[in-house]
Amino acid sequence: MHGKKLLLGGLVLVALVLVGCDLASAQSTSHTARVVVREWAFELSSASIPAGEVTFQLVNQGQAEHEMVILKTDLPANALKIKANGAEVDESASGEVMGEVEDLGSGQTKSVTLNLAPGRYVLTCNILGHYKAGMVTVLEVN
Ligand SMILES: [Cu+2]
């Protein structure tokens, strides 16, 4: 009789440990990508990030105002579709717009949290002329 109680107690303990592991892995699906923005580049803290909840923390270390548009696309970073004005990316023709951070003034920090599926994403600044000046980079989500 006493042995059965011990066995039951052991099973409860194992169940609690398993639940604890589940909670820990759920929390680890949230990740942060730090992005330094300046003329004329994006510097990502990492070129790839696990799928799930991704928080982009942007800091504008440049002098001009910038923005960041996140596109899901397989186009090469230097071959996005350009609007008729020749100076802006045609966002919807280039891919799926996942989100953006606008009006990031010099010295400002802003963040956006997105739920990203595995795939290839391109980050660009779509202020007139900024994409062509080099403000584009690729993020792999896996
Ligand atoms: Cu810009």
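Is Glu53 exposed, partly exposed or buried, and how many other C-beta atoms lie within 10 Å of its own? Glu53 has 13 other C-beta atoms within 10 Å, so it is partly exposed, since the exposed class ends at 12 or fewer and the buried class begins at 20 or more. This and every other value in the report comes from a predicted model.

## Confidence and overall make-up

The mean pLDDT of the protein is 88, and 80% of its residues reach 70 or more. Over residues 16-26, however, the pLDDT is below 50, and beyond near neighbours in sequence this stretch has zero contacts in the model.

The secondary structure comprises two helices and nine strands, and the elements follow one another from the N terminus as α-β-β-β-β-β-α-β-β-β-β. Of the 142 residues in the protein, 23% are buried. When contacts between residues at least 6 apart in sequence are considered, 63% of them join residues at least 24 apart.

## The four-stranded sheet

One open sheet is built from four strands in the order β2-β1-β4-β7, with mixed pairing. Its edge strands are β2 (41-44) and β7 (109-116), each of which pairs on one side only. Neighbouring strands of this sheet are turned by 25° against each other on average, with direction ignored.

Within this sheet, strand β1 (residues 30-38) pairs with strand β4 (residues 52-60) in the parallel sense, over eight bridges. Two positions illustrate the register: His31 stands opposite Val54 in β4, and Arg34 has Gln57 of β4 as its bridge partner. Towards β2, the pairing of β1 is antiparallel and runs over four bridges, with Val36 standing opposite Glu43 in β2; a hairpin of two residues joins β1 to β2.

## The surroundings of Glu53

Glu53, the residue of the opening question, lies in strand β4. Once residues up to four places away in sequence are set aside, Glu53 touches Thr29, Ser30, Thr113 and Asn115. The C-alpha atoms of Glu53 and Ala117 are separated by 9.0 Å, although these two residues are 64 residues apart along the chain.

## The five-stranded sheet

A second group, of five strands, forms an open sheet in the order β3-β9-β8-β5-β6, again with mixed pairing. Here β3 (48-49) and β6 stand at the edges with a single partner strand each, so one side of each is left without a neighbour in the sheet. The partner of β3 is strand β9 (residues 136-141), to which two bridges join it in a parallel arrangement, and Ser48 stands opposite Glu140 in β9.

Strand β5 (residues 66-72) is largely enclosed by the rest of the structure, because five of its seven residues are buried. With strand β6 (residues 96-104), β5 pairs in the antiparallel sense over six bridges, and the bridge partner of His66 in β6 is Leu104. With strand β8 (residues 119-124), β5 is joined by four bridges, and these two strands also run antiparallel; in β8, the bridge partner of Lys72 is Tyr121.

## The nonpolar core

The largest nonpolar core contains 24 residues, of which Val35, Leu58, Met68, Tyr121 and Leu123 touch the most other members. The elements that give two or more residues to this core are β1, β4, β5, β6, β8 and β9. These contributors include β1 and β4, which belong to the four-stranded sheet, and β5, β6, β8 and β9, which belong to the five-stranded sheet. The largest share, four residues, comes from β5, the strand in which five of seven residues are buried.

What does Met68 contact, leaving aside its neighbours within four places in sequence? Met68 is in contact with Val35, Val37, Leu58, Glu100, Val101, Leu123 and Cys125. Among these partners, Val35, Leu58 and Leu123 are themselves listed with Met68 as the core residues that touch the most other members.

Technical notes:
Residues numbered from 1 in each chain as written. Predicted model: local features only at pLDDT ≥ 70, side-chain atom pairs only at ≥ 80, totals over all residues. Pairing = 2+ DSSP bridges. Axes fitted to C-alpha atoms, helices over the stretch in contact; angles between N-to-C directions. Contact = placed C-beta atoms within 7 Å. Core = buried A, V, L, I, M, F, W, Y, C linked by C-beta atoms within 7 Å. pLDDT = per-residue confidence, 0-100.
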